[in-house]
Amino acid sequence: MDFTSRMAALLGAFRRERNGAVADSMRFYGAPCGLNYGVSLPTLRTLARAEAADHDFAKYLWRQDVRCLRLAALHIADPARLTPGEFAFWGDGLLNSEIAAEAAFALLSRIGAFPELFAAWIAPDAGWLRQYAALMAAARVPNPSPAWAVPAAAVVHEAAAASIPEAHLLAHGAVALFTALGTRNEENRQAVLRAAGSLGQLPAEACVHEELAWRLEV
């Protein structure tokens, strides 16, 4: 079966699970996909995981302007095949915060080249969607690096200082990473506290301080 036929079959399965109430209640930052059936994430994940892993098919789905297909691609892709040469391809498909968060959960945190991806996507000119995805994925990798704490804090500060609407998302991403790091050992905890201590009291920065106060018992 070719990719078009496989996509049509998968799309049919999603269409049967369409839910207008879910679609109407969705909240995210960024651009919407052109087509959205409102399939819930748990249902979408179940249907996508029933597909065999196929990286080329996943890339085909990722190109479609359809929410459920783009999210399904993240579960069908092969993490071992996502190399630095594909960073731009996957990054360009991060239309909104929902897709970025699912990418972190389903795919990015599982790739072997994650340290390289983090360095590329946490950069000041990477854009908030890539930064958010990088932070959320970094919180999920098996062995997060304490060296990631400083650039994570810098991203929050820059977004807060620029008053971008998505600054609070980056703050939550940083908190997730800081918590994953700080609960591993005391050395990591101190690295997190030093990085977080560089933040001021702008709203997004204050959010980080407040969250860490109880997560790490600061």
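Trainee: Quick one to start: which side chain does E86 meet in a salt bridge?

Mentor: That would be K59, and the N to O distance is 3.1 Å. Keep in mind that we're looking at a predicted model.

Trainee: Okay, and where do E86 and K59 lie?

Mentor: E86 lies in the loop between helix 5 (67-76) and helix 6 (87-92), while K59 is in helix 4 (residues 55-62), so the pair ties together parts that are 27 residues apart in sequence.

Trainee: Is E86 buried or exposed?

Mentor: E86 counts as buried, with 11% relative accessibility. K59 counts as buried too, at 18%. The cut-off for buried is under 20%.

Trainee: Switching a bit, how many salt bridges does the count come to?

Mentor: Eight, going by a side-chain nitrogen of Lys or Arg within 4 Å of a carboxyl oxygen of Asp or Glu.

Trainee: What about R45, which residue is its salt bridge with?

Mentor: R45 pairs with E102, and their closest N and O atoms are 2.7 Å apart. R45 sits in helix 3 (residues 41-49) and E102 in helix 7 (residues 97-106), so this pair links parts that are 57 residues apart in sequence.

Trainee: And how does accessibility look there, is E102 buried or exposed?

Mentor: E102 is buried, with a relative accessible area of 3%. R45 is partly exposed, at 21%.

Trainee: Got one within a single helix? Say E211, which side chain does that one meet?

Mentor: E211 meets R215 in a salt bridge, 2.9 Å from N to O. Both lie in helix 13 (residues 203-215), four residues apart, which is about one turn of the helix.

Trainee: How much of R215 is accessible?

Mentor: R215 has a relative accessible area of 35%, so it goes down as partly exposed. E211 counts as buried, at 18% relative accessibility.

Trainee: New topic, backbone this time. What is phi of S163 near?

Mentor: Phi of S163 is near 55°, a positive value in a residue that isn't glycine.

Trainee: Why point that out?

Mentor: Because most residues other than glycine have a negative phi.

Trainee: Fair enough. Where does S163 lie?

Mentor: S163 is in the loop between helix 10 (149-162) and helix 11 (167-182).

Trainee: Last thing: S163, buried or exposed?

Mentor: S163 is exposed, with a relative accessible area of 61%. The cut-off for exposed is over 50%.

Definitions and conventions. Residues numbered from 1 in each chain as written. Predicted model: local features only at pLDDT ≥ 70, side-chain atom pairs only at ≥ 80, totals over all residues. Heavy atoms only, no water. Helix = DSSP H or I, 4+ residues; strand = E, 2+ residues; numbered from the N terminus. Buried < 20%, exposed > 50% of the residue type's maximum accessible area, 1.4 Å probe, protein only.
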